[in-house]
Amino acid sequence: VAGQYTASIWIKRKTGTGTINLRANTGDAYTDITASVLVGTWTRVQVTSSSLINPTFDLQIVTDTDAVYVWGAQLEKITLATSYIPNVAFALTRNVETLKYEIAGNRSASVESCVVKLAPAFNSSVNQNKYIHSTDTKSRQMLFAWGNDARIFPNHTDDVGAGVGDLINSAWTANTEMTLGYNIQHSSPYTAGFYDGVADGTNDTSNDFTTPAWGTYFWVGSYNSGADNFYGTIFSIAFFDSVLSATEMLWLHDN
């Protein structure tokens with residue numbers, strides 16, 4: 001039916017160097033995806049239609065002697081691509097995927113470090129809350145929010161101003177791989193952020209929120225109860241009941 005759709009596909013270059021284009025609707029101009037079409041490396045690319053008419057899936061090779069490999073073409077009635085669902089003869093419905101874990105036995109209520117390797121399926125100009133992880137009663141959270149930054153809150157429930165508010169602070173394109181991290185401790189700086197293994201962001205120096213009543217569960221890839229989902233790929237995420245050094249943060253990024 002008519003509406004706004006996202007076309008996505010895994011692609012890599014076989015021969016040539018010419019322009020490769022993609023669009024999700026014949027009412028749209030083509031989007032140049034050439035920079036993402038690499039030799040020897042599979043990359044998932046996506047474009048979202050702006051026209052609200054019947055969708056299509058158009059992949060265009062501009063130079064007739066060029067060739068590409070493709071896999072996993074998908075067209076979804078949503079403004080960002082989700083993970084691939086194979087199907088043959090008919091459309092399928094994307095069910096909500098919620099990663100939910102008990103806090104007891106898995107997370108410390110005292111000092112904590114977190115490192116996550118991920119690739120957002122959106123660029124830095126997408127101004128929406130997209131959660132990497134969150135807890136419930138007193139929410140400790142890490143998210144992309146309102147522009148080209150990530151944010152870390154040791155206790156967003158009681159003090160929205162405490163924490164790191166401008167981690168990254170630079171532009172990125174959709175599906176850019178990156179490593180984000182933080183330390184939360186009982187002394188200044190109470191909250192410290194890391195981007196690709198290097199200290200970055202604004203450290204909170206006035207609020208100690210290492211032992212709140214977090215509640216029962218924490219979520220990965222969404223906010224409390226599975227809302228405000230992160231769109232993209234989370235390759236790995238780890239929580240530590242210690243404060244990692246800058247050397248350890250860099251090592252985890254590199255490895």
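Here are legends for several close-up views of this predicted model.

**View 1. How confident is the predictor along the chain?**
Start with the whole protein chain before zooming in: its mean pLDDT is 89. As many as 99% of the residues reach 70 or more. If you go through the elements, strand E2 (residues 20-23) has the highest mean pLDDT, at 97. At the other end of the list is strand E15 (residues 198-204), whose mean of 85 is the lowest among the elements.

**View 2. Trp10, Trp42, Tyr69 and Trp71 make a nonpolar patch on the surface**.
Together, these four side chains cover about 430 Å² of nonpolar surface. Pick out tryptophan 71, which you'll find in strand E6 (residues 67-76). Is tryptophan 71 buried or exposed? It falls in between: tryptophan 71 counts as partly exposed because its relative accessibility is 46%, and that label covers values between 20% and 50%.

**View 3. Tyrosine 131 and tyrosine 223 form a tilted aromatic pair**.
A search of the whole structure turns up 9 aromatic pairs, and here is one of them. The two ring centres are 4.7 Å apart, with 35° between the planes. Where do the partners come from? Tyrosine 131 belongs to strand E9 (residues 130-135), while tyrosine 223 sits in the loop between strand E16 (217-220) and strand E17 (232-240). That's 92 residues apart in sequence, so the pair ties together quite separate parts of the chain. The two tyrosines also differ in how covered they are: tyrosine 131 is buried at 6% relative accessible area, whereas tyrosine 223 is partly exposed at 27%.

**View 4. Phe122, Phe144, Trp172 and Phe230 form a ring cluster**.
Look for the four side chains here: ring pairs link Phe122, Phe144, Trp172 and Phe230 together.

**View 5. Two arginines sit over aromatic rings**.
In one spot, arginine 23 lies over the face of tyrosine 30, at 4.1 Å from the ring centre. In another, look for arginine 107, whose charged end sits over the ring of phenylalanine 218. There the distance to the ring centre is 4.7 Å.

**View 6. Arginine 13 and aspartate 66 meet in a salt bridge**.
The structure holds 6 salt bridges. In this one, the closest N and O atoms of arginine 13 and aspartate 66 are 3.5 Å apart. Which parts of the chain does the pair link? Arginine 13 is in strand E1 (residues 6-15), and aspartate 66 is in the loop between strand E5 (58-61) and E6. The two are 53 residues apart, so they count as distant parts of the chain. Both arginine 13 and aspartate 66 are buried.

**View 7. Glutamate 112 and arginine 140 form another salt bridge**.
Here the N to O distance is 3.6 Å. Glutamate 112 is in strand E8 (residues 112-120), and arginine 140 is in the loop between E9 and strand E10 (141-144), 28 residues apart. How covered are these two charged residues? Glutamate 112 counts as buried, with 1% relative accessibility, and arginine 140 is buried too, at 0% relative accessible area.

**View 8. Arginine 151 and aspartate 149 pair up in a salt bridge**.
The closest N and O atoms of this pair are 3.6 Å apart. Arginine 151 is partly exposed at 23% relative accessibility, but aspartate 149 is buried at 8%. Elsewhere, salt bridges that share partners join Arg107, Glu112 and Arg140 into one network.

**View 9. A cis peptide bond and a positive phi show up in the backbone**.
Which peptide bond is cis? It's the one from serine 188 to proline 189, with omega near -5°. Proline 189 has its place in the loop between strand E13 (178-184) and strand E14 (191-195). Then find aspartate 196, in the loop between E14 and E15. Its phi is near 50°, a positive value in a residue other than glycine. Aspartate 196 is partly exposed, with a relative accessible area of 23%.

**View 10. Threonine 93 and isoleucine 168 are 34 Å apart in space**.
That distance runs from C-alpha to C-alpha, and the two residues are 75 residues apart in sequence. Threonine 93 lies in the loop between E6 and strand E7 (99-102). With a relative accessible area of 63%, threonine 93 is exposed.

Methods: Residues are numbered from 1 along each chain as its sequence is written. This is a predicted model: local features need pLDDT of at least 70, side-chain atom pairs count only at pLDDT 80 or more; totals for chains, interfaces and linings use all residues. Side-chain values use heavy atoms; hydrogens and water are left out. Patches are made of residues with over 30% relative accessible area and no salt bridge: like charges are joined within 9 Å, nonpolar side chains (Val, Leu, Ile, Met, Phe, Trp, Tyr) within 5 Å. Accessible areas come from the Shrake-Rupley method with a 1.4 Å probe; for residues, only the protein chains shown count as cover. Helices (H or I, at least four residues) and strands (E, at least two) are DSSP runs, numbered from the N terminus. Buried means under 20% relative accessible area, exposed over 50%, partly exposed in between (1.4 Å probe, protein chains only). pLDDT is the predictor's confidence in each residue, from 0 to 100. Rings of Phe, Tyr and Trp (its six-membered ring) pair if their centres lie within 6.5 Å; planes under 30 degrees apart count as stacked, over 60 as edge-to-face and the rest as tilted. A charge sits over a ring if NZ of Lys or CZ of Arg is within 6 Å of the ring centre and within 35 degrees of the ring normal.
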